[in-house]
Protein chains: 2
Amino acid sequence: MPYLIVTYDIAEERVNKVRKILKKYFMWVQNSVFEGEITEGKLLKCKLELEKVIDKEVDSVYFYSLENRLNYRKTVLGIEKEITGNIL
Amino acid sequence: MPYLIVTYDIAEERVNKVRKILKKYFMWVQNSVFEGEITEGKLLKCKLELEKVIDKEVDSVYFYSLENRLNYRKTVLGIEKEITGNIL
């Protein structure tokens, strides 16, 4: 199953909506970063939901898709954040 | 050569210093994301510089290292930012 790293830069007024959608599909691992395994079908569903929320002229969401979770090595400087708090 | 995606969550008072260091080694592609090819030697040098600047109890820098730039597929929703502006 593909493994994805999702990063985003979203205007303040829309960022919580975007996070609520991403949290349904991925793990929130850093302020503007989500990660996780996902099927192509669910990824498409996630993108369609996001497209209804973001302003394509201003906002930016990057999907880095890796063949699987073994395809990368992750190292951390400082703290490793696993953000479990609720999104208001 | 390894290809890296670098993401960070840094306290306001230190973020410009971190960006100045990362800009020497990578391309700034989104508000909290840099990317690029780098040798292991230069990556080590970059990490040592960052370690002098960040507060390890608060700040967070993730290095996603891929074997090479062909190891991932990147798709974009919204705009693709290539941030060339100077860091003040």
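I began at the interface of chain B and chain A in this predicted model, where I found 22 residue pairs in polar contact, both partners at pLDDT 80 or more. On the side of chain B that touches chain A, the elements giving two or more residues are β1 (3-9), β2 (27-30), β3 (33-37), α2 (40-53), β4 (60-66) and β5 (72-78) of chain B. I then sorted the residues of that side by character and noted 16 nonpolar, nine polar and 12 charged.

Next I looked up the extent of the contact, to which chain B gives 37 residues and chain A gives 37 residues. The two chains bury about 3,300 Å² between them, with 51% of this on carbon and sulfur atoms. Within chain B, I noted that Tyr62(B), Tyr64(B) and Leu77(B) lose the most area to chain A, and that together they account for 24% of what that side buries.

I turned to the strands and saw that β4 (residues 60-66) of chain A pairs with β5(B) in the antiparallel sense, over seven bridges. Here I recorded Tyr62(A), which stands opposite Val76(B) in β5(B).

For charges across the interface, I counted two salt bridges between chain B and chain A. One that I looked up joins the side chains of Glu40(B) and Arg73(A), at 3.8 Å from N to O.

I widened the search to all chains, where the count comes to 18 salt bridges. In chain A, Lys24(A) forms a salt bridge with Glu49(A), and their closest N and O atoms are 2.7 Å apart. This pair links helix α1 (residues 12-25) with helix α2 (residues 40-51) of chain A, the two residues being 25 residues apart. I noted Lys24(A) as exposed, at a relative accessible area of 57%, whereas Glu49(A) counts as buried at 19%.

A second pair in chain A is Lys74(A) with Glu35(A), whose side chains meet in a salt bridge at 2.6 Å, N to O. Lys74(A) belongs to strand β5 (residues 72-78) and Glu35(A) to strand β3 (residues 33-37), 39 residues apart. Lys74(A) counts as partly exposed at 25% relative accessibility, and Glu35(A) as buried at 3%.

In chain B, I found a salt bridge between Lys24(B) and Glu49(B), at 2.7 Å from N to O. Lys24(B) lies in helix α1 and Glu49(B) in helix α2 of chain B, so this pair ties together parts that are 25 residues apart in sequence.

Last, I examined helix α1 (residues 12-25) of chain B, whose buried residues include Val15(B), Val18(B), Ile21(B) and Leu22(B). Their cover includes β1, β2, β3 and α2 of chain B.

How values were computed:
Residues numbered from 1 in each chain as written. Chains lettered and ligands numbered in written order. Predicted model: local features only at pLDDT ≥ 70, side-chain atom pairs only at ≥ 80, totals over all residues. Heavy atoms only, no water. Contact = heavy atoms within 4.5 Å. Buried area = accessible area lost by both parts, 1.4 Å probe. Salt bridge = Lys/Arg side-chain N within 4 Å of Asp/Glu carboxyl O. Polar contact = N/O pair within 3.5 Å; in protein donor to acceptor, adjacent residues only side chain to side chain. Helix = DSSP H or I, 4+ residues; strand = E, 2+ residues; numbered from the N terminus. Nonpolar A, V, L, I, M, F, W, Y, C, P; charged D, E, K, R; others polar. Pairing = 2+ DSSP bridges. Buried < 20%, exposed > 50% of the residue type's maximum accessible area, 1.4 Å probe, protein only.
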